[in-house]
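Visitor: I am new to this structure. Please take me through one part of it closely, after a short look at the whole.

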Amino acid sequence: MAEISRGFATPPEVTGFFNGKTPTPAFSWADVWAEEHAYRFTVAKAVELDVLNAFRSTMSQAIAEGKGFESWKPLIEKELVKQGWWGPRMVSDPTGRQPDRMVNFSSDRRLKTTFWSNMNSARAAGQWERAQRSKKALPYVLYVRTTSADPRPEHLQWVGLILPIDDPFWTTHWPPNGWLCKCQVRMISAREAGQLLGTERVIGRDAEGNEVKIRYTDQAPDLGPDIQYRNRRTGEISMVPPGIDPGWQTNPGLARASTLIQNLEAKLA
C-alpha cells in the first residue's frame with residue numbers, strides 16, 4: 001500500500017479507528033469474523049499477546065506517520081527479532097481444531113497482506129466517519145473505478161453507481177470489497193449527482209483499443225442472490241453479496257459505530 005499522505009497528518013478518524021481496536025490473539029483470520037474486525041485487532045497465527053502487540057504498536061505508528069509498507073517492515077522486523085518470531089516457527093491452534101502449522105512472519109507476502117488489510121480497513125472507516133459528518137453538503141456516494149491493472153468484473157459493474165450515503169447498499173459494498181481490492185468511493189453533492197446521472201464518459205481504451213466508458217446510474221446492478229458462506233472456524237453462516245470476498249461484506253466504520261451504540265444501550269440497560 002502507498003503512503004497514506006505526504007506532508008499531511010493522517011486524519012484522526014483513521015488513527016482513532018485503529019487504536020480503538022482490542023488485541024485478540026487468533027490462530028486464523030476467520031476466528032475474528034466480518035463486523036468483529038471493526039473493533040478487534042488480530043493477525044493470523046499471532047497466538048501470543050506479545051507478538052500481536054508488536055504488530056499493533058508498529059502499525060499504529062505507521063498509520064500515524066503515514067508510512068507505507070517498506071517503511072513499516074523494518075519496525076516490525078526489529079520487534080519480532082527481539083521476541084524470536086522473525087522466521088519460520090511452529091504454531092499450535094489454542095482451540096485444538098487444527099494441527100500445528102508453520103508460520104513465517106518474515107514472509108513479504110504475509111506481511112503485505114497483514115499491512116494492507118489493516119491500513120485499508122482503517123482508511124475506509126475514517127472515510128465513512130468523515131462522510132457522515134459532511135453528508136448535509138455531500139449527501140451522495142460515487143463508486144469510482146479501481147486502479148487495479150486486473151480489476152474484478154463484478155467491481156467494474158459498480159463503477160459509476162451513485163447512491164445516497166445512507167442507502168443500504170453501502171452497508172455491504174463500502175470498499176475495499178475483498179482482499180487487495182483497490183476500489184474507492186467519492187462523496188459528491190446533490191448538484192453533481194444530478195449532472196452525472198444518466199450520462200456516459202469515455203475514460204480511455206482497453207488493451208484491444210476499445211473505448212472504456214463509465215455510465216452514471218442510481219440503479220445497482222443485479223449480480224444475483226447473496227451467496228451462503230460457512231465460516232470454517234466458527235461455523236457461522238453469512239450471506240455474502242456476489243463479487244465480495246467472504247469476510248469483507250461489511251462497512252468497518254458503520255460496524256464500529258453500531259457496536260458503540262449497542263455497548264452504550266447495554267450499559268444504560
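Guide: The protein has 269 residues and a radius of gyration of 20 Å, which agrees with the value near 18 Å for a compact globule of that length; the radius is taken over C-alpha atoms, and the globule rule is 2.2 Å times the number of residues to the power 0.38. This is a predicted model, in which local features need pLDDT of at least 70 and side-chain atom pairs count only at pLDDT 80 or more, while totals for chains, interfaces and linings use all residues. Residues are numbered from 1 along each chain as its sequence is written, and side-chain values use heavy atoms, with hydrogens and water left out.

Along its principal axes the C-alpha trace spans about 60 × 55 × 40 Å. The protein has eight helices and eleven strands, taken as DSSP runs numbered from the N terminus (helices: H or I, at least four residues; strands: E, at least two).

Now the part itself. Helix 1 covers residues 12-19 and helix 2 residues 49-65; their axes lie 10 Å apart at an angle of about 175°. The axes are lines fitted to C-alpha atoms over the stretch in contact, and angles run from 0 to 180 degrees between N-to-C directions. The angle therefore makes helix 1 roughly antiparallel to helix 2, a term for angles over 145 degrees.

Helix 1 contributes Val 14, Thr 15, Phe 18 and Asn 19 to the contact, and helix 2 contributes Arg 56, Met 59, Ser 60, Ile 63 and Ala 64. Contact means heavy atoms within 4.5 Å.

Notes. Angles under 35 degrees count as roughly parallel, over 145 as roughly antiparallel, 65 to 115 as roughly perpendicular and the rest as oblique.
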